[in-house]
Amino acid sequence: MKKIAFILVLITVVSTILTVNIFAAKIPLRVVVNGSRINFPDAQPFIDENGRTQVPVRFVSEALGADVGWDGKTKTVTIEQGKNKISLVVGKSEYTVNGKTMEMDTTVLLLEDRTFVPVRFVSEGLGANVEWNASIRTVYITTGGAVPTPSPEEGEIRYYDGIAFNPATDVDEFGRMTIEKSQEFLLKMADQLSFVKENGKYYIVGEYPEIPEEFEWAVGIGIILKSGGVRNFSTGTARKDYLIPREGSFKKDTTGLIDINDIEGFNIVIAVQNKEIKRDLGRLSISYIIHGTFYDGTTKRAVFIPESGAISRISYTDTFNFEKMFRW
C-alpha cells in the first residue's frame, strides 16, 4: 500500500505543478551523434586522467555506421566504416587510421569487460566533427550530412546565477528549454530547496535561481502521511495555505498544517516551463521515504524524467545531497 501511495502522490504532484552549495549534483557526461543522444545501458562515459572523454567503443561507433571488431589475444579493437579503418590496442597511445600510425595523448582502456576509447580520436578518424560543451558536459559528434549543433556565436550568451544560456542553442523550436540546459537550472534550484526546523516550527525554504524572462518555475511538494492522505504544496494551487511563490525566495511555515510525527515521506517535482505554453521537456523528481521503501528496496531517489518516454531517465540518486534537503 505504501508503494502504491507514493506512485499516486507522484502523479498528483506532477499534475499540480502543470544558498550555499555544499554538494551540487553533477550533470552526467552525454554523447550526442547527429542530434540523437547515445544511450549507454551499463558502462558510462567518463573523463580520464588526461582530460579525454572515454566512451564504450561499440555504441558510438555503431551510431556512426561503423562495425566494431575485437581480438582478445592482442587486445586490439578495430573500427571499420566504408573505406575507413581504425585499429587501437588496449593500454597503448599509438593507433592506426587507414594504415597510418598516429598517436594520442591518452590510451585505450579495458574496464569491467568493456573497451573504452577516447571519443574524439575515433570520431575524427572516421571523418566526423567533434565539439565539447563543458557547461552541459556534452560531446557533440556530427558527420558530413548532418546539421551541426548551433555555435554560441549564433546567439547572445547570457548568464543567470552563473549558468550560461543561449537562446539560439538552449531553446527548441516550440520555445521549450532544452533537456540539457533545463537540468542545470533544476539541479541548482533543488540545491537551494530544503525542509528546516527553526524555534520549534517547520518550514519549507527555497530560493529560485534567476532564469530567462520567458520561463517560469513550477514546483510541487507532496508530503505523504502515515494516517493517509497527502499535503500538497505547489506554485499552482488555489489554496493559499499551501501556495508556494514562483520567484525570489520563500519560507513557508507548515506548522499546524502537518503533524511532523505523521509524515510517511516526501515527493518533490521541479520544472522550468515556458510562460506562454506552460510546457517543458522534462522534470526533476526527488523522493524520500521515511517509513518503508520503494519496490527496489531503496528509500531515496532523484531522477530527471523526460517528457518523452523514448528518452531514458537520468538518475542523480548517487550524488544528490538528501541530508541537506531534508532536515525536519
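A residue counts as buried when its relative accessible area is under 20%. Keep that cut-off in mind for this predicted model.

**Whole chain**

Start with everything shown. The protein has 5 helices and 24 strands. Of its 328 residues, 46% count as buried. Switch on the surface: the accessible area comes to about 16,600 Å². Carbon and sulfur atoms hold 49% of that area.

**Stop 1: F326 and Y288**

Select F326. Its relative accessible area is 12%, so F326 is buried. Now add Y288, which is partly exposed at 21%.

Show both side chains. This is one of the 18 aromatic pairs in the structure. The ring centres of Y288 and F326 are 4.9 Å apart and the planes stand at 45 degrees, so the pair is tilted. Where do the two residues sit? Y288 belongs to strand β22 (residues 282–289), while F326 is in the segment after α5 (322–325). The pair therefore ties together parts that are 38 residues apart in sequence.

Widen the selection to F195, Y202, F266 and W328. Ring pairs link these four with Y288 and F326 into a cluster.

**Stop 2: charges over rings**

Select K251 and Y203. The charged end of K251 sits over the Y203 ring, 4.6 Å from its centre. Then jump to R301 and F294. Here the charged end of R301 sits over the ring of F294, 3.9 Å from its centre.

**Stop 3: helix α4**

Select residues 179–191, which form helix α4. How far apart are its end C-alpha atoms? They are 18 Å apart. At 1.5 Å a residue, the 13 residues should span 18 Å, so the two values agree.

Colour α4 by burial. Of its 13 residues, 12 are buried, so the helix is largely enclosed by the rest of the structure. The buried set includes I179, F185, L186, L187 and M189. Charged side chains are on the list too, among them E180, K181, E184 and D191.

**Stop 4: a three-stranded sheet**

Select β16, β17 and β20. They form an open sheet in the order β16-β17-β20, with antiparallel pairing. β16 (193–198) and β20 (249–253) stand at the edges. Each has a single partner strand, so one side of each is left without a neighbour in the sheet. Look along the sheet for the twist: neighbouring strands are turned by 25 degrees against each other on average, direction ignored.

Zoom in on β16 and β17 (residues 201–207). They pair in the antiparallel sense over 6 bridges. Which residue of β17 is the bridge partner of L193? Pick G206.

Notes:
Residues are numbered from 1 along each chain as its sequence is written. This is a predicted model: local features need pLDDT of at least 70, side-chain atom pairs count only at pLDDT 80 or more; totals for chains, interfaces and linings use all residues. Side-chain values use heavy atoms; hydrogens and water are left out. Rings of Phe, Tyr and Trp (its six-membered ring) pair if their centres lie within 6.5 Å; planes under 30 degrees apart count as stacked, over 60 as edge-to-face and the rest as tilted. Helices (H or I, at least four residues) and strands (E, at least two) are DSSP runs, numbered from the N terminus. Buried means under 20% relative accessible area, exposed over 50%, partly exposed in between (1.4 Å probe, protein chains only). A charge sits over a ring if NZ of Lys or CZ of Arg is within 6 Å of the ring centre and within 35 degrees of the ring normal. Accessible areas come from the Shrake-Rupley method with a 1.4 Å probe; for residues, only the protein chains shown count as cover. The expected span of a helix is 1.5 Å times one less than its number of residues. Two strands pair if DSSP finds at least two bridges between them. Axes are lines fitted to C-alpha atoms, for helices over the stretch in contact, and angles run from 0 to 180 degrees between N-to-C directions.
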